[in-house]
Amino acid sequence: ASRELWSWREGDSSKARKRLEQKPLSIERTKGSEILFGIAPCSLALSQSRRDLFRLFLKQSSGSRRLVMSEFVLQATARGVPVHHVKRRELDALCRGQVHQGVCLEATPLHFKSLEEVEKPDLGDEDSPNRQLIWLVLEQIQDPMNLGALLRSAYFLGVDRVVTSQTNSCPLTPTVSKASSGAMEVFDVYSTDDLRSFLKAKTAEGWEVVGTVSKPEDVENVPVISCLEFRWNKPVIIVIGSEGDGLSLETQLLCHRMLAIPPGRALHPGIESLNVSVATGILLHSICSQKLRHSD
(Lines give C-alpha, C1' and ligand atoms only; values in the text may rest on other atoms or scores of the structure.)
Protein backbone atom coordinates (compact mmCIF):
# COMPACT_ATOMS: atom_id res chain seq x y z
CA ALA A 1 0.00 0.00 0.00
CA SER A 2 2.82 2.38 0.92
CA ARG A 3 4.52 1.62 -2.47
CA GLU A 4 1.24 2.39 -4.28
CA LEU A 5 0.86 5.65 -2.31
CA TRP A 6 4.45 6.64 -3.16
CA SER A 7 3.92 5.92 -6.87
CA TRP A 8 0.64 7.89 -6.88
CA ARG A 9 2.37 10.87 -5.27
CA GLU A 10 5.23 10.67 -7.76
CA GLY A 11 2.78 10.54 -10.67
CA ASP A 12 0.71 13.37 -9.23
CA SER A 13 3.73 15.65 -8.74
CA SER A 14 4.94 14.81 -12.25
CA LYS A 15 1.56 15.89 -13.68
CA ALA A 16 1.64 19.09 -11.63
CA ARG A 17 5.16 19.82 -12.86
CA LYS A 18 4.05 19.28 -16.46
CA ARG A 19 1.10 21.60 -15.93
CA LEU A 20 3.44 24.30 -14.64
CA GLU A 21 5.78 23.78 -17.58
CA GLN A 22 2.92 24.00 -20.07
CA LYS A 23 1.44 27.17 -18.58
CA PRO A 24 2.86 30.09 -20.56
CA LEU A 25 4.44 32.97 -18.71
CA SER A 26 2.17 35.99 -18.62
CA ILE A 27 3.64 38.88 -20.61
CA GLU A 28 1.94 42.15 -19.84
CA ARG A 29 1.18 44.09 -23.01
CA THR A 30 1.68 47.81 -23.54
CA LYS A 31 -1.67 49.63 -23.63
CA GLY A 32 -2.95 50.11 -27.18
CA SER A 33 -0.42 47.70 -28.69
CA GLU A 34 -0.90 44.62 -30.83
CA ILE A 35 1.32 41.62 -31.53
CA LEU A 36 2.71 41.23 -35.04
CA PHE A 37 3.92 37.74 -35.86
CA GLY A 38 5.97 36.10 -38.60
CA ILE A 39 9.37 36.85 -40.10
CA ALA A 40 8.30 39.11 -43.03
CA PRO A 41 5.80 41.33 -41.13
CA CYS A 42 8.12 41.82 -38.15
CA SER A 43 11.21 42.48 -40.27
CA LEU A 44 9.41 45.00 -42.50
CA ALA A 45 7.76 46.73 -39.52
CA LEU A 46 11.23 47.13 -37.96
CA SER A 47 12.65 48.55 -41.18
CA GLN A 48 9.87 51.15 -41.65
CA SER A 49 8.90 54.08 -39.45
CA ARG A 50 5.15 53.57 -39.64
CA ARG A 51 4.55 52.03 -36.21
CA ASP A 52 5.72 52.72 -32.67
CA LEU A 53 7.66 49.62 -31.60
CA PHE A 54 7.82 48.38 -28.01
CA ARG A 55 9.42 44.92 -27.74
CA LEU A 56 10.72 42.16 -30.01
CA PHE A 57 10.24 38.56 -28.87
CA LEU A 58 12.46 35.86 -30.37
CA LYS A 59 12.34 32.12 -29.83
CA GLN A 60 15.24 30.73 -27.80
CA SER A 61 17.67 28.38 -29.61
CA SER A 62 15.99 28.66 -33.00
CA GLY A 63 18.42 26.27 -34.71
CA SER A 64 18.52 26.75 -38.47
CA ARG A 65 17.07 30.26 -38.13
CA ARG A 66 19.92 31.56 -35.97
CA LEU A 67 21.23 33.86 -38.71
CA VAL A 68 17.75 35.32 -39.24
CA MET A 69 17.36 35.85 -35.50
CA SER A 70 20.74 37.59 -35.22
CA GLU A 71 19.65 39.95 -38.02
CA PHE A 72 16.49 40.69 -36.05
CA VAL A 73 18.60 41.58 -33.02
CA LEU A 74 20.65 43.99 -35.16
CA GLN A 75 17.49 45.56 -36.61
CA ALA A 76 15.90 45.96 -33.18
CA THR A 77 19.08 47.37 -31.63
CA ALA A 78 19.34 49.94 -34.43
CA ARG A 79 15.76 51.06 -33.70
CA GLY A 80 16.23 50.99 -29.91
CA VAL A 81 13.70 48.18 -29.46
CA PRO A 82 14.30 45.83 -26.47
CA VAL A 83 14.78 42.16 -27.43
CA HIS A 84 13.43 39.30 -25.29
CA HIS A 85 14.42 35.68 -25.91
CA VAL A 86 11.49 33.48 -24.84
CA LYS A 87 10.27 29.91 -25.17
CA ARG A 88 8.01 28.83 -27.96
CA ARG A 89 4.98 28.55 -25.71
CA GLU A 90 5.34 32.23 -24.77
CA LEU A 91 5.31 33.14 -28.47
CA ASP A 92 2.31 30.84 -29.04
CA ALA A 93 0.47 32.63 -26.23
CA LEU A 94 1.42 36.10 -27.49
CA CYS A 95 -0.03 35.54 -30.96
CA ARG A 96 -2.74 33.08 -29.86
CA GLY A 97 -1.37 30.06 -31.65
CA GLN A 98 -0.76 31.66 -35.04
CA VAL A 99 2.26 30.66 -37.18
CA HIS A 100 4.88 33.04 -35.76
CA GLN A 101 8.07 31.44 -37.19
CA GLY A 102 9.86 32.24 -33.92
CA VAL A 103 9.24 36.02 -34.02
CA CYS A 104 6.69 38.37 -32.45
CA LEU A 105 6.80 42.16 -32.30
CA GLU A 106 4.78 44.37 -29.98
CA ALA A 107 3.78 47.55 -31.82
CA THR A 108 1.03 50.10 -32.34
CA PRO A 109 -1.61 49.14 -34.95
CA LEU A 110 -1.66 50.43 -38.52
CA HIS A 111 -4.83 52.16 -39.68
CA PHE A 112 -6.37 52.97 -43.04
CA LYS A 113 -5.48 56.35 -44.50
CA SER A 114 -8.39 58.63 -45.27
CA LEU A 115 -8.86 59.51 -48.93
CA GLU A 116 -10.54 62.72 -47.90
CA GLU A 117 -7.46 63.83 -45.92
CA VAL A 118 -4.76 62.87 -48.43
CA GLU A 119 -6.22 63.10 -51.90
CA LYS A 120 -3.29 64.57 -53.81
CA PRO A 121 0.16 64.34 -52.15
CA ASP A 122 2.99 61.99 -53.18
CA LEU A 123 1.26 60.92 -56.39
CA GLY A 124 3.78 62.49 -58.78
CA ASP A 125 2.36 63.04 -62.24
CA GLU A 126 -0.92 61.23 -61.65
CA ASP A 127 -2.87 64.06 -63.29
CA SER A 128 -1.04 63.58 -66.59
CA PRO A 129 -3.60 62.28 -69.15
CA ASN A 130 -1.06 59.78 -70.53
CA ARG A 131 -0.29 58.22 -67.15
CA GLN A 132 -1.80 54.75 -66.80
CA LEU A 133 -3.02 54.50 -63.24
CA ILE A 134 -4.76 51.52 -61.70
CA TRP A 135 -6.51 51.65 -58.34
CA LEU A 136 -8.03 48.63 -56.61
CA VAL A 137 -11.24 49.27 -54.66
CA LEU A 138 -12.49 46.66 -52.18
CA GLU A 139 -16.14 46.62 -51.14
CA GLN A 140 -16.74 44.85 -47.83
CA ILE A 141 -13.87 42.35 -47.84
CA GLN A 142 -14.22 40.75 -44.40
CA ASP A 143 -11.77 37.83 -44.28
CA PRO A 144 -8.29 38.94 -43.05
CA MET A 145 -6.59 36.16 -45.05
CA ASN A 146 -8.27 37.39 -48.24
CA LEU A 147 -7.45 41.03 -47.50
CA GLY A 148 -3.81 40.14 -46.88
CA ALA A 149 -3.58 38.10 -50.09
CA LEU A 150 -5.23 40.96 -52.04
CA LEU A 151 -2.71 43.48 -50.70
CA ARG A 152 0.19 41.18 -51.53
CA SER A 153 -1.01 40.75 -55.14
CA ALA A 154 -1.78 44.47 -55.55
CA TYR A 155 1.67 45.44 -54.29
CA PHE A 156 3.47 42.82 -56.40
CA LEU A 157 1.60 43.55 -59.64
CA GLY A 158 1.97 47.33 -59.51
CA VAL A 159 -1.41 48.68 -58.35
CA ASP A 160 -1.02 52.39 -57.56
CA ARG A 161 -3.46 52.54 -54.68
CA VAL A 162 -5.82 50.28 -52.69
CA VAL A 163 -9.04 51.75 -51.27
CA THR A 164 -11.51 49.91 -49.05
CA SER A 165 -15.03 50.72 -47.96
CA GLN A 166 -15.12 51.47 -44.22
CA THR A 167 -18.43 49.65 -43.70
CA ASN A 168 -18.22 45.89 -43.04
CA SER A 169 -14.55 45.68 -43.99
CA CYS A 170 -11.76 43.87 -42.18
CA PRO A 171 -9.34 46.20 -40.30
CA LEU A 172 -5.55 46.08 -40.82
CA THR A 173 -4.76 43.40 -38.25
CA PRO A 174 -1.57 41.36 -37.64
CA THR A 175 -3.27 38.44 -39.44
CA VAL A 176 -3.72 40.65 -42.52
CA SER A 177 -0.03 41.65 -42.36
CA LYS A 178 1.05 37.99 -42.14
CA ALA A 179 -1.25 36.97 -45.01
CA SER A 180 0.17 39.85 -47.08
CA SER A 181 3.70 38.54 -46.37
CA GLY A 182 4.46 41.98 -44.91
CA ALA A 183 3.22 44.01 -47.91
CA MET A 184 0.85 45.80 -45.52
CA GLU A 185 3.91 47.20 -43.71
CA VAL A 186 5.15 49.08 -46.80
CA PHE A 187 1.97 49.73 -48.83
CA ASP A 188 -0.53 52.38 -47.71
CA VAL A 189 -4.16 51.28 -47.68
CA TYR A 190 -6.87 53.94 -47.93
CA SER A 191 -10.52 53.86 -46.96
CA THR A 192 -13.64 55.88 -47.64
CA ASP A 193 -16.92 56.02 -45.74
CA ASP A 194 -18.83 56.89 -48.94
CA LEU A 195 -17.83 54.50 -51.71
CA ARG A 196 -20.59 55.60 -54.11
CA SER A 197 -19.62 59.30 -53.96
CA PHE A 198 -15.96 58.36 -54.37
CA LEU A 199 -16.65 56.34 -57.53
CA LYS A 200 -18.88 59.08 -58.95
CA ALA A 201 -16.16 61.68 -58.30
CA LYS A 202 -13.48 59.58 -60.04
CA THR A 203 -15.81 59.04 -63.02
CA ALA A 204 -16.27 62.82 -63.26
CA GLU A 205 -12.45 63.17 -63.27
CA GLY A 206 -12.24 60.89 -66.32
CA TRP A 207 -11.51 57.53 -64.71
CA GLU A 208 -13.09 54.30 -65.92
CA VAL A 209 -14.76 52.24 -63.18
CA VAL A 210 -14.68 48.51 -63.88
CA GLY A 211 -16.52 45.96 -61.77
CA THR A 212 -15.99 42.22 -61.46
CA VAL A 213 -18.47 39.36 -61.63
CA SER A 214 -18.23 35.58 -61.49
CA LYS A 215 -21.53 34.89 -63.33
CA PRO A 216 -22.13 37.24 -66.30
CA GLU A 217 -25.86 36.47 -66.32
CA ASP A 218 -26.19 38.05 -62.85
CA VAL A 219 -25.50 41.56 -64.21
CA GLU A 220 -28.10 43.90 -65.66
CA ASN A 221 -27.59 47.14 -67.59
CA VAL A 222 -23.77 46.97 -67.52
CA PRO A 223 -21.80 45.31 -70.37
CA VAL A 224 -19.81 42.23 -69.31
CA ILE A 225 -16.58 41.26 -71.11
CA SER A 226 -13.81 38.74 -70.59
CA CYS A 227 -10.78 40.12 -68.76
CA LEU A 228 -8.74 38.87 -71.75
CA GLU A 229 -10.59 41.31 -74.04
CA PHE A 230 -10.32 44.32 -71.72
CA ARG A 231 -8.22 47.22 -73.02
CA TRP A 232 -7.67 50.52 -71.27
CA ASN A 233 -6.09 53.85 -72.15
CA LYS A 234 -7.07 56.04 -69.22
CA PRO A 235 -6.93 55.74 -65.40
CA VAL A 236 -8.94 52.74 -64.23
CA ILE A 237 -10.50 51.61 -60.97
CA ILE A 238 -11.10 47.87 -60.49
CA VAL A 239 -13.87 47.24 -57.93
CA ILE A 240 -13.92 43.90 -56.09
CA GLY A 241 -16.96 42.77 -54.10
CA SER A 242 -17.34 40.83 -50.87
CA GLU A 243 -16.57 37.13 -50.53
CA GLY A 244 -20.17 35.95 -50.36
CA ASP A 245 -22.28 38.46 -52.25
CA GLY A 246 -19.91 40.12 -54.71
CA LEU A 247 -20.54 43.75 -55.63
CA SER A 248 -23.67 45.42 -54.32
CA LEU A 249 -26.22 46.40 -56.96
CA GLU A 250 -25.67 50.11 -56.23
CA THR A 251 -21.94 49.73 -56.93
CA GLN A 252 -22.54 47.62 -60.06
CA LEU A 253 -24.66 50.40 -61.53
CA LEU A 254 -21.74 52.85 -61.12
CA CYS A 255 -19.45 50.61 -63.23
CA HIS A 256 -18.85 51.30 -66.92
CA ARG A 257 -18.01 47.66 -67.65
CA MET A 258 -17.87 44.37 -65.77
CA LEU A 259 -15.05 41.87 -66.12
CA ALA A 260 -15.38 38.09 -65.94
CA ILE A 261 -12.69 35.39 -65.92
CA PRO A 262 -13.46 32.74 -68.57
CA PRO A 263 -13.24 29.22 -67.09
CA GLY A 264 -11.00 26.61 -68.69
CA ARG A 265 -13.66 23.85 -68.71
CA ALA A 266 -17.35 23.18 -68.27
CA LEU A 267 -17.80 23.70 -64.54
CA HIS A 268 -19.56 21.38 -62.14
CA PRO A 269 -22.45 23.09 -60.30
CA GLY A 270 -21.24 24.41 -56.97
CA ILE A 271 -17.64 24.97 -58.14
CA GLU A 272 -18.39 27.87 -60.43
CA SER A 273 -16.34 30.65 -58.90
CA LEU A 274 -12.84 31.46 -57.63
CA ASN A 275 -11.67 32.65 -54.24
CA VAL A 276 -11.82 36.47 -54.28
CA SER A 277 -8.07 36.96 -53.80
CA VAL A 278 -7.20 34.42 -56.52
CA ALA A 279 -9.68 35.98 -58.96
CA THR A 280 -8.30 39.45 -58.22
CA GLY A 281 -4.75 38.26 -58.82
CA ILE A 282 -5.74 36.93 -62.26
CA LEU A 283 -7.60 40.13 -63.18
CA LEU A 284 -4.81 42.40 -61.97
CA HIS A 285 -2.17 40.45 -63.86
CA SER A 286 -4.21 40.69 -67.05
CA ILE A 287 -4.72 44.45 -66.63
CA CYS A 288 -1.35 45.46 -65.15
CA SER A 289 0.57 43.58 -67.87
CA GLN A 290 -0.93 46.03 -70.42
CA LYS A 291 0.38 48.89 -68.29
CA LEU A 292 3.89 47.39 -68.41
CA ARG A 293 3.74 46.92 -72.20
CA HIS A 294 2.61 50.52 -72.74
CA SER A 295 5.45 51.89 -70.60
CA ASP A 296 8.14 50.16 -72.72
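Which residue stands opposite V189 in β8? I will start there, then move to the largest pocket. Please keep in mind that this is a predicted model.

The residue is V162, which stands opposite V189 of strand β8. The pairing behind this is between β7, residues 161–165, and β8; the two are parallel and share four bridges. To get from β7 to β8 the chain passes through helix α6, residues 174–179, and this β-α-β crossover is right-handed.

β8 also pairs with β5, a strand that covers residues 113–114. That pairing is parallel too, and two bridges make it up. In one of them, S114 has S191 of β8 as its bridge partner.

Now the faces of β8, which spans residues 189–192. Are they covered or not? Both are covered. V189 and S191 lie on one side, Y190 and T192 lie on the other, and all of them are buried. So much for the strands.

Next, the largest pocket. Its volume is about 900 Å³. The lining consists of 35 residues, and those closest to the pocket centre are V213, S214, K215, S273 and L274.

Which element gives the most to that lining? Helix α9 does, with four residues. α9 runs over 276–295, and strand β12, at 257–260, likewise supplies at least two residues of the lining.

As for chemical class, the lining of this pocket has 16 nonpolar residues, 13 polar ones and six charged ones.

That is what I have on β8 and the pocket.

How values were computed. Residues numbered from 1 in each chain as written. Predicted model: local features only at pLDDT ≥ 70, side-chain atom pairs only at ≥ 80, totals over all residues. Heavy atoms only, no water. Buried < 20%, exposed > 50% of the residue type's maximum accessible area, 1.4 Å probe, protein only. Pairing = 2+ DSSP bridges. Right-handed = clockwise from strand over helix to strand, strands pointing away. 1 Å grid on protein atoms, 1.4 Å probe; cavity = no way out; pocket = protein on both sides within 12 Å on 5 of 7 lines; lining within 4 Å. Points joined across faces, edges and corners; volume = space filled by probe spheres on them. Nonpolar A, V, L, I, M, F, W, Y, C, P; charged D, E, K, R; others polar.
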